[in-house]
Amino acid sequence: LPLIQSEVASHGWMTDTQLVDFVAVSESTPGPFAVNISTYVGMVTGGPLGAACATLGVVLPSFLIISLVARCFRSSPIVQGGMSGLRPAVVGLIAAAVVSVGLTVFFPGGVSLDVVQTPGFLVALGVFLLSLLLAFRKAHPIFIICLSGLLGVGAGLLGLI
């Protein structure tokens with residue numbers, strides 16, 4: 001997600017709000033997140049050919065590298081060490097993405113105390129906390145996604161967001 005965010009922002013393909021909206025859609029649809037979002041960005045910027053190129057650009061390098069590593073170097077101590085080093089980096093990248101997306105969701109106009117008092121912030125915080133609680137109670141992710149979507153629709157219909 002951090003790589004996708006930086007590329008989309010640096011090329012001006014969509015706003016942060018548009019990206020966060022599509023992150024929500026990509027996370028709730030079947031398939032890998034990176035493939036879903038790159039296909040969407042490719043479609044927005046280059047039509048069907050752009051979608052195909054973006055999808056291949058995301059899938060093909062990883063597929064080739066993982067196939068090569070799995071076939072030739074699976075038991076190598078160098079590969080095992082590399083994987084041990086990559087795990088914490090991945091956790092750090094996910095944490096950075098959580099902070100970045102969280103700032104866009106909770107503070108769309110920038111961080112200020114005024115935002116904390118808005119109905120939109122309170123609705124987003126409530127949905128977030130409920131989702132977190134349900135996730136820790138091992139509720140099915142599809143249930144959490146559907147419930148969150150329904151709460152968002154309800155808040156929108158009530159004019160809270």
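This is a short dialogue on reading a predicted model.

Student: Where do I start? What does the secondary structure of the protein come to?

Tutor: Start with the elements and their order. Here there are seven helices and zero strands. From the N terminus, the elements run α-α-α-α-α-α-α.

Student: What box do the C-alpha atoms fill?

Tutor: Take the principal axes as the frame. Along them, the C-alpha atoms of the protein fill a box of roughly 55 × 40 × 30 Å. The accessible surface comes to about 10,900 Å². Carbon and sulfur atoms hold 75% of that surface.

Student: How do I read burial? What share of the residues is buried?

Tutor: Use relative accessible area: buried means under 20%, exposed over 50%, and partly exposed is in between. In this protein, buried residues make up 22% of the 161 residues.

Student: Try it on Ser38. Is Ser38 buried or exposed?

Tutor: Ser38 lies in helix H3. Its relative accessibility is 11%, so Ser38 counts as buried. Setting aside neighbours within four places in sequence, Ser38 is in contact with Ala54, Thr55 and Val58.

Student: And Asp21? Which class does its relative accessible area give?

Tutor: Asp21 is found in helix H2. Its relative accessible area is 48%, so Asp21 is partly exposed. Look along the chain too. Asp21 and Val101 are 80 residues apart, yet their C-alpha atoms are separated by 10.0 Å.

Student: How do I put such separations in terms of the whole protein? What percentage of contacts joins residues 24 or more positions apart?

Tutor: Count contacts with a separation of 6 or more. Of these, 37% are between residues 24 or more positions apart.

Student: Now the interior. Which residues form the largest nonpolar core?

Tutor: A core joins buried nonpolar residues through their side-chain atoms. The largest one here has nine residues: Ile4, Val8, Met14, Leu19, Phe22, Val23, Phe33, Ile37 and Val41. Helix H1 (2-11), helix H2 (16-28) and helix H3 (33-72) are the elements that each give two or more residues to this core.

Student: Take one member. What does Ile4 touch?

Tutor: Leave out residues up to four places away in sequence. Ile4 then touches Leu19, Phe33, Ala34 and Ile37.

Student: Last, the outside. Which residues form a nonpolar patch on the surface?

Tutor: Met83, Leu86, Val90, Ile94 and Val98 do. Together they have about 440 Å² of accessible area. Ile94 is a case to check. It is found in helix H4 (residues 77-106). With a relative accessibility of 51%, Ile94 counts as exposed because the cut-off is over 50%.

Technical notes:
Residues numbered from 1 in each chain as written. Predicted model: local features only at pLDDT ≥ 70, side-chain atom pairs only at ≥ 80, totals over all residues. Heavy atoms only, no water. Patch = residues over 30% accessible without salt bridge, like charges linked within 9 Å, V, L, I, M, F, W, Y side chains within 5 Å. Areas by Shrake-Rupley, 256 points an atom, 1.4 Å probe, with all protein chains shown as cover. Salt bridge = Lys/Arg side-chain N within 4 Å of Asp/Glu carboxyl O. Helix = DSSP H or I, 4+ residues; strand = E, 2+ residues; numbered from the N terminus. Buried < 20%, exposed > 50% of the residue type's maximum accessible area, 1.4 Å probe, protein only. Core = buried A, V, L, I, M, F, W, Y, C linked by side-chain atoms within 4.5 Å. Contact = heavy atoms within 4.5 Å.
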